[in-house]
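Colleague: Hi, could you walk me through this model? I'd like to start with the pockets.
Modeller: Happy to; here it is.

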Amino acid sequence: MKRIIVGMSGASGQIYGVRLLEVLSEMEDVETHLVVSPSARKNMEVETGDVDLESLATHVYEYSDVGARIASGSFPCDGMIISPCSIKMASSIAYSITDNLIARSADVVLKQKKTLVAVVRETPLHVGHLRSLTRLAEIGAVIFPPVPAFYIKPSSIDDIVNHTVGRVLDFFEIEHELYSPWEGI
């Protein structure tokens, strides 16, 4: 059984987090622990409409509950995915500002040497963003901007979203059929 913490912060690109949860909810051998920021919920209203995230997750936690079990190093998990990850959230984690459950859980995941994948959805990036992302990478996170891969010859937005979600799942060795691996030219 894999245990994955999923955080959704207030960046554009909520579809990445929604699709991630849809895929993981169909897997019997994956347990998800979900935290959604208030800004993510606002962006979801605009971008994806009414999605019942709670029904897609195994466990759901309040954003402000920094005392939840996923905020402790004694909570066994395989890692965390923040999708989408706002620059504000990435910066909070990079500089150990753990005043919410997403940042606190990410901080714990990093100190426990587990995998943290931040699907950073922001462009363009200024030097302040880049410094925060560099620091985040230096302390062990995977920075994963959802940049479309055109070699897959996408025919829809779903193809692009599925490819990104599949690539993220690859970091956790979770088998999926969201895209076909590159076979070479």
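Colleague: What kinds of residues make up the lining of the largest pocket?
Modeller: Its lining divides into four nonpolar, seven polar and two charged residues. Here Ala, Val, Leu, Ile, Met, Phe, Trp, Tyr, Cys and Pro count as nonpolar, Asp, Glu, Lys and Arg as charged, and the others, Gly among them, as polar. One caution: this is a predicted model, where local features need pLDDT of at least 70 and side-chain atom pairs count only at pLDDT 80 or more, while totals for chains, interfaces and linings use all residues. Residues are numbered from 1 along each chain as its sequence is written, and side-chain values use heavy atoms, with hydrogens and water left out.

Colleague: Thanks! How much space lies in that largest pocket, and which residues are closest to its centre?
Modeller: The largest pocket has about 160 Å³ of space (filled by probe spheres set on grid points joined across faces, edges and corners). Of its 13 lining residues, S37, S39, Y63, K88 and M89 are the closest to the centre. A pocket here is an open set of points on a 1 Å grid over the protein atoms alone, with protein on both sides within 12 Å along at least five of seven lines; lining residues have an atom within 4 Å of a point.

Colleague: Which element gives the largest share of that lining?
Modeller: That's α4, with three residues. Both α2 and α4 (87-94) supply at least two. Helices (H or I, at least four residues) and strands (E, at least two) are DSSP runs, numbered from the N terminus.

Colleague: And closed cavities, how many of 30 Å³ or more?
Modeller: The structure holds one, with a volume of about 40 Å³. A cavity is a set of grid points where a 1.4 Å probe fits but cannot get out. Y16, L20, I81, S83, V119, T164, V165 and V168 line this cavity, and they split into six nonpolar, two polar and no charged. α7 brings the largest share, three residues.

Colleague: Switching topic: how many aromatic pairs are there?
Modeller: Two, from a search of the whole structure. Rings of Phe, Tyr and Trp (its six-membered ring) pair if their centres lie within 6.5 Å; planes under 30 degrees apart are stacked, over 60 edge-to-face, and the rest tilted. F144 and F171 have ring centres 6.2 Å apart and planes at 90°, so they are edge-to-face. That pair links distant parts of the chain, 27 residues apart: F144 sits in the loop between β6 (142-143) and α7 (157-170), and F171 in the segment after α7.

Colleague: Is F144 buried or exposed?
Modeller: F144 is buried, at 12% relative accessibility, whereas F171 is partly exposed at 37%. Buried means under 20% relative accessible area, exposed over 50%, partly exposed in between (1.4 Å probe, protein chains only).

Colleague: What about Y151 and W182?
Modeller: Their ring centres are 5.1 Å apart with planes at 75°, so this pair is edge-to-face too. Y151, in the loop between β6 and α7, and W182, in the segment after α7, are 31 residues apart in sequence. Y151 is partly exposed at 40%, and W182 is exposed at 52%.

Colleague: Last one: where does S132 lie, and what is S132 in contact with?
Modeller: S132 is part of helix α6 (residues 127-138) and is buried, at 7% relative accessibility. Apart from neighbours within four places in sequence, S132 contacts S91, A94 and Y95, where contact means heavy atoms within 4.5 Å.
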